[in-house]
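Trainee: Before I rely on any descriptive word for this model, I would like to see each one set against its definition.

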Amino acid sequence: KLLLLPYGVDTARFRPAEDERPSDHPFRTLFVGQITARKGVLELLEAWRRLGWRDAELWLVGRPDAPTQRLLRPYAGLPGLRWPGFVPDPVTMYQRADVFVFPSHEEGSALVTYEAMACGLPMITTFQAGSVARHEQEALIIPAGDVPALMEALVRLREDGNLRRRLGQAARRRVEDYTWEAYGRRLVQAYAHVLGQEP
């Protein structure tokens with residue numbers, strides 16, 4: 001009784017950086033979305049704290065909701081933590097990152113996962129994020145709320161540049177089947193199926 005209809009992404013706007021030379025910045029982990037406990041931000045910050053990296057960056061792009069602000073205070077001074085707030089056009093944020101992390105506890109199908117894939121980013125996420133990425137093919141899928149698993153995935157992607165490239169390139173290829181045009185066609189097909197008007 002359920003029809004699964006993944007979202008889409010603008011693959012012309014969200015795309016890998018044209019300049020593929022080695023980056024001149026430290027290993028950069030990126031989160032994009034509302035800064036809330038539901039999105040797994042507290043687990044991400046705790047994983048970052050336990051890792052203790054001083055030669056890496058964690059960028060949190062988005063605004064915290066009021067209940068979460070108090071919970072974030074103990075992490076404010078973490079080495080490498082960057083907090084630019086809400087960014088209206090995050091394309092360059094994706095393009096300048098090494099890994100995208102979205103350890104959400106509850107989503108429908110988070111658009112940011114499509115955007116990161118379209119930009120060719122390897123991803124660490126959860127089943128609950130509703131991503132079209134598959135474990136070990138385009139992303140590393142970890143259990144929601146599992147800080148040690150998140151730490152392990154971060155270490156693995158930091159230490160294995162070949163894995164990052166493989167997952168990122170595969171992510172871009174896969175998401176090319178999930179454009180907004182393809183979403184529109186699937187939506188029409190879904191309505192036709194429900195109405196019994198399929199040819």
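Trainee: How many positive and negative side chains does the protein have, and how far apart do the centres of the two sets lie?

Mentor: In this predicted model, the protein has 26 positive and 25 negative side chains, with Lys and Arg counted as positive and Asp and Glu as negative. The centres of the two sets lie 3 Å apart.

Trainee: What makes the protein as compact as a globular protein of its length?

Mentor: The protein holds seven helices and six strands. Its radius of gyration is 17 Å, and the globule rule gives 16 Å for 199 residues; the two values are close, so the protein is as compact as a globular protein of that length. Taken along the principal axes, the C-alpha atoms fill a box of roughly 60 × 40 × 30 Å.

Trainee: Why is strand β1 called mostly covered?

Mentor: A residue counts as buried when its relative accessible area is under 20%, and six of the six residues in β1, which spans residues 27-32, are buried, so the strand is called mostly covered. For the protein as a whole, 48% of the 199 residues count as buried.

Trainee: How do you know that both faces of β1 are covered?

Mentor: In a regular strand the side chains alternate between the two faces of the sheet. In β1, Phe27, Thr29 and Phe31 on one side are buried, and Arg28, Leu30 and Val32 on the other are buried too.

Trainee: What makes β1 and β2 a pair?

Mentor: At least two bridges are required, and β1 and β2 (residues 56-61) have six, in the parallel sense, so they count as paired. Within this pairing, Phe31 stands opposite Leu60 in β2.

Note on methods
Residues are numbered from 1 along each chain as its sequence is written. This is a predicted model: local features need pLDDT of at least 70, side-chain atom pairs count only at pLDDT 80 or more; totals for chains, interfaces and linings use all residues. Side-chain values use heavy atoms; hydrogens and water are left out. Helices (H or I, at least four residues) and strands (E, at least two) are DSSP runs, numbered from the N terminus. The radius of gyration is taken over C-alpha atoms; the globule rule is 2.2 Å times the number of residues to the power 0.38. Buried means under 20% relative accessible area, exposed over 50%, partly exposed in between (1.4 Å probe, protein chains only). The place of a charge is taken as NZ of Lys, CZ of Arg, CG of Asp or CD of Glu.
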